[in-house]
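Here is a dialogue between a learner and a teacher about reading a structure. Please look through the sequence and the model before following the turns.

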Amino acid sequence: MPDVNAQQAQRLINFATQRLGRVEGNGECWTLVNNGFQHVGFDKPASTYVWGRVVANLSDAQPGDVFQFRRFEVTRRVTQPDGSWEEQTISRGAPRHTTILESLNGNMATFLESNVTDDQTVKRNDFGVRTATTTDDAGVRTAITVSGSFIIYRPQVAATP
């Protein structure tokens, strides 16, 4: 089966963004993706938590790809030049979590996802997907530490005869 093209992938992203702030279906993370696939006509493999062709490298991920997280945790620590710091940790996948990639900029990604808070509404969230440390011109150091894993899937469409 052929991979979706950028225009088709954008239809999945549009489906999710139109539902921001609302509960989609039963509010589970996979329901947003599954309903999106049905709405835009993507092929859903029979296997549970499989959403298309595996994309081996994060650098090859594209908007509209589906990330399947497993016990994934991101800690972001920002240290000021005076030594003071703030730290935040987010978790995805206990044991699994399904999201739609909206954009990717280096190690930071924007995802469309549901069931990440008690209200189960669809949300747009940004977080690091690789361990990295940067220091800006003002001397502020940002360290992203990632644990757990994810699989990237490229949605597919049925081949036309």
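The turns below take up helices, burial, contacts, a pocket and a few loop residues.

Q: What kind of model is this, and how are its residues numbered?
A: It is a predicted model, in which local features need pLDDT of at least 70 and side-chain atom pairs count only at pLDDT 80 or more, while totals for chains, interfaces and linings use all residues. Residues are numbered from 1 along each chain as its sequence is written, and side-chain values use heavy atoms, with hydrogens and water left out.

Q: How far apart are the end C-alpha atoms of H2, and what span should its 12 residues have?
A: Helices (H or I, at least four residues) and strands (E, at least two) are DSSP runs, numbered from the N terminus, and the expected span of a helix is 1.5 Å times one less than its number of residues. For the 12 residues of H2 this should give 16 Å, and the end C-alpha atoms are 18 Å apart, which agrees. After H2 comes glycine 41, whose phi is positive, near 85 degrees.

Q: Which residues of H2 are buried, and what covers them?
A: An α-helix has 3.6 residues a turn, so residues three or four places apart point the same way. Buried means under 20% relative accessible area, exposed over 50%, and partly exposed in between, with a 1.4 Å probe and protein chains only. In H2 the buried residues are Cys29, Thr31, Leu32, Val33, Asn34, Gly36, Phe37 and Val40. Their cover includes H1, strand S2 (66-79), strand S3 (85-105) and strand S4 (108-113).

Q: Is arginine 19 buried or exposed, and what does its side chain meet?
A: Arginine 19 sits in the loop between helix H1 (6-17) and helix H2 (29-40), and with a relative accessible area of 14% it is buried. A polar contact is a pair of N or O atoms within 3.5 Å; within protein, one must be able to donate a hydrogen and the other to accept it, and residues adjacent in sequence count only if both atoms are side-chain atoms. Such a contact, of 2.9 Å, joins the side chains of arginine 19 and glutamate 24. Contact in the broader sense means heavy atoms within 4.5 Å, and, leaving aside neighbours within four places in sequence, arginine 19 is in contact with Glu24 and Val122.

Q: Which residues does glutamine 156 touch, leaving out those up to four places away in sequence?
A: Glutamine 156 belongs to the segment after S7, and at 13% relative accessibility it counts as buried. The residues that glutamine 156 touches, on that count, are Met1, Pro2, Asp3, Val4, Phe42, Asp43, Gly52 and Arg53. Its side chain reaches the backbone oxygen of methionine 1 at 3.1 Å, and although glutamine 156 and phenylalanine 42 are 114 residues apart in sequence, their C-alpha atoms are 5.9 Å apart in space.

Q: How much space lies in the largest pocket, and which residues line it?
A: Rolling a probe the size of a water molecule over the atoms shows where empty space is left. On a 1 Å grid over the protein atoms alone, a pocket is an open set of points where a 1.4 Å probe fits, with protein on both sides within 12 Å along at least five of seven lines, and lining residues have an atom within 4 Å of a point. The largest pocket holds about 150 Å³ of space, and its lining residues include Val74, Arg76, Gln88, Met108, Asp126 and Ile144. The elements giving two or more residues to this lining are S2, S3 and strand S5 (123-128).

Q: Where does asparagine 107 lie, and which residues is it in contact with?
A: Asparagine 107 is in the loop between S3 and S4, where a relative accessible area of 26% makes it partly exposed. Leaving aside neighbours within four places in sequence, asparagine 107 is in contact with Phe127, Gly128, Val129, Arg130 and Ala132. The C-alpha atoms of asparagine 107 and alanine 132 are separated by 7.4 Å, with the two positions 25 residues apart along the chain as the spacing.

Q: What is the phi of tyrosine 49, and where is this residue found?
A: Tyrosine 49 has a positive phi of about 65 degrees although it is not a glycine, and its place is in the loop between H2 and strand S1 (53-55). At a relative accessible area of 28%, tyrosine 49 is partly exposed.

Note on methods:
Grid points are joined across faces, edges and corners, and a volume is the space filled by probe spheres set on the points.
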